[in-house]
Amino acid sequence: MRILIVSDTHRRDGNFRRVLEKTGPIDMLIHLGDTEGSESYFREWVDNDVCVIHVVRGNNDFFSFCDREKEISIGRYRALLTHGHMYGVSLGTEGIKDEARARKVDIVMYGHTHKPHLEYCRDGLVVLNPGSLSYPRQEGRKPSYMLMELDRQGEAHFTICYLEDEARNQELEQMGIWG
């Protein structure tokens, strides 16, 4: 099973659409908020009727009908999806970890900070943030997203992915220097 996890696209969807094309068929799409209305196009962009799509509302999704947070199953794992702003993630992850543990989930996914984060806690909790494809804030400011894959034994594997070279190569292609 292949899951694409994104957040904080803020209606600047070019990189998001490139990632959808690049990653190929996915079984699930998770957007952790601040779509600013683009969620109505996700089904069309995924171009896969069997892909499950989960979207939660972020602090900039003022007119969204999406849930503020969701608990879902991914294989044998329970996951909490939230934008994270209600848990103070800009100041640290302790609040969101406490909430995840109280809810007895295996994985907590959040956005809001625009910085990729992947943490494996001693008690088995996985804490992740895919960063932002539109307005990255981490050092180097590379647009980022995350892939979660379940292997044949049902074990989850997470990869933080970056668009660093692709955007530059595309720019060079347009200038006639590359490709």
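Begin by selecting Glu149 in this predicted model, and look directly across from Glu149 to find His157, which stands opposite in β10. Extend the selection to the whole of strand β9, residues 144-150, and you will see that β9 and β10 run antiparallel, joined by 7 bridges.

Next, widen the view to the sheet that contains these strands, which is open, has 5 strands and follows the order β3-β2-β1-β9-β10, with mixed pairing. At its edges, select β3 (52-55) and β10 (156-162), each of which pairs on one side only. If you then look along the sheet, the twist from one strand to the next averages 15°. In general, strands of a sheet pair through backbone hydrogen bonds, whether parallel or antiparallel.

Now add helix α1, residues 14-23, which lies across β1 (2-6), β2 (28-31) and β9, and which runs at about 165° to β1.

For the last stop, leave the sheet and select His112, which is found in the loop that links β6 (107-109) with β7 (116-120). Is His112 buried or exposed? Its relative accessible area is 17%, and because the cut-off for buried is under 20%, His112 counts as buried. Display the side chains of His112 and Asn59, and you will find a polar contact of 3.2 Å joining them. Finally, show the other surroundings of His112: leaving aside residues up to four places away in sequence, His112 touches Ser7, Asp8, His83, His85, Val89, Ser90, Asn129 and Arg137, as well as Asn59.

Notes
Residues numbered from 1 in each chain as written. Predicted model: local features only at pLDDT ≥ 70, side-chain atom pairs only at ≥ 80, totals over all residues. Heavy atoms only, no water. Helix = DSSP H or I, 4+ residues; strand = E, 2+ residues; numbered from the N terminus. Buried < 20%, exposed > 50% of the residue type's maximum accessible area, 1.4 Å probe, protein only. Polar contact = N/O pair within 3.5 Å; in protein donor to acceptor, adjacent residues only side chain to side chain. Contact = heavy atoms within 4.5 Å. Pairing = 2+ DSSP bridges. Axes fitted to C-alpha atoms, helices over the stretch in contact; angles between N-to-C directions.
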